[in-house]
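I opened this entry to record the nonpolar packing, the strand pairing and one helix.

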Amino acid sequence: MNLILFGPPAAGKGTQAKRLVDTRGMIQLSTGDMLRAAIASGSELGQRVAGIMQRGELVSDEIVVELIESRLPEAEAAGGAIFDGFPRTLAQAQALDVMLQRRGSKIDKVIRLKVDDEALMHRVAGRFAESGRPDDNPDSFKVRLAAYNAQTAPLLPYYEDQDKLVEVDGMGTIEVVAAGVDRALDGR
Ligand code: AMP
């Protein structure tokens, strides 16, 4: 089963993905985590993306598509993946479909976590204080939210047309949202 966890920044995608890894043995493919690892390693890729990420802008489609492609064999071996923070543009979604198709696979479900903007701002203020993640500062976060609304939200009709989209209320506690994700996955 290949699943996309979809939603704005700080909607809880990473938290829910990690829970599914623990409870269902799926693997998580987070392009944000991969890019942060590249920055931490000091690689050439890391140096190229650090400023873009800090400002809250999207890195190029080519970079993230390549990162995902390199992990698809691992995902296949695990029986599927949870895509977290990818795709974020229509070009990425189309590239993902082509890559999976080539491997005889496909996206099975897209779970959209719905959280309102005010709650997101509140959440991210807490996260910034805790983790100090540089792109959680209020200015960068506004850019990230704008990028989501302009470039990522338009993907919703793409998946709705394919009858893959399921909406889950992302406003509750982690446990309540997790129960909604489980219901969406198990078709209850
Ligand atoms: P995230 O951890 O998913 O919130 O991603 C953090 C940052 O990494 C984003 O604000 C972007 O700068 C970059 N990023 C992560 N995933 C993507 C993607 N699929 N496309 C473009 N940029 C991405």
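I looked up Leu 96 and, setting aside neighbours within four places in sequence, found it in contact (heavy atoms within 4.5 Å) with Ile 4, Ile 68, Phe 83, Phe 86, Pro 87 and Ile 107. The model is predicted: local features need pLDDT of at least 70, side-chain atom pairs count only at pLDDT 80 or more, and totals for chains, interfaces and linings use all residues. Residues are numbered from 1 along each chain as its sequence is written, and side-chain values use heavy atoms, without hydrogens and water.

I then looked up the largest nonpolar core (buried Ala, Val, Leu, Ile, Met, Phe, Trp, Tyr and Cys joined through side-chain atoms within 4.5 Å; buried is under 20% relative accessible area, exposed over 50%, with a 1.4 Å probe and protein chains only). This core has 33 residues, and Leu 96 is among those with the most contacts inside it, as are Ile 4 and Phe 83. Helix α4 gives the largest share, seven residues (helices are DSSP runs of H or I, at least four residues, and strands of E, at least two, numbered from the N terminus).

Next I checked strand pairing (at least two DSSP bridges). Strand β1 pairs with β4 (109–114) in the parallel sense over four bridges, and Leu 3 stands opposite Lys 109. Strand β4 also pairs with β5 (165–169), parallel, over five bridges; there Ile 111 has Val 166 as bridge partner.

Last, I examined α2. Its buried residues are Thr 31, Gly 32, Met 34, Leu 35 and Ala 38. These lie on the same side of α2 because they cover an arc of only 165° around the axis, taken from the directions from the helix axis to the C-beta atoms. They pack against β2, α3, α4 and β3, whereas Ala 40 and Ser 41 are exposed on the other side.
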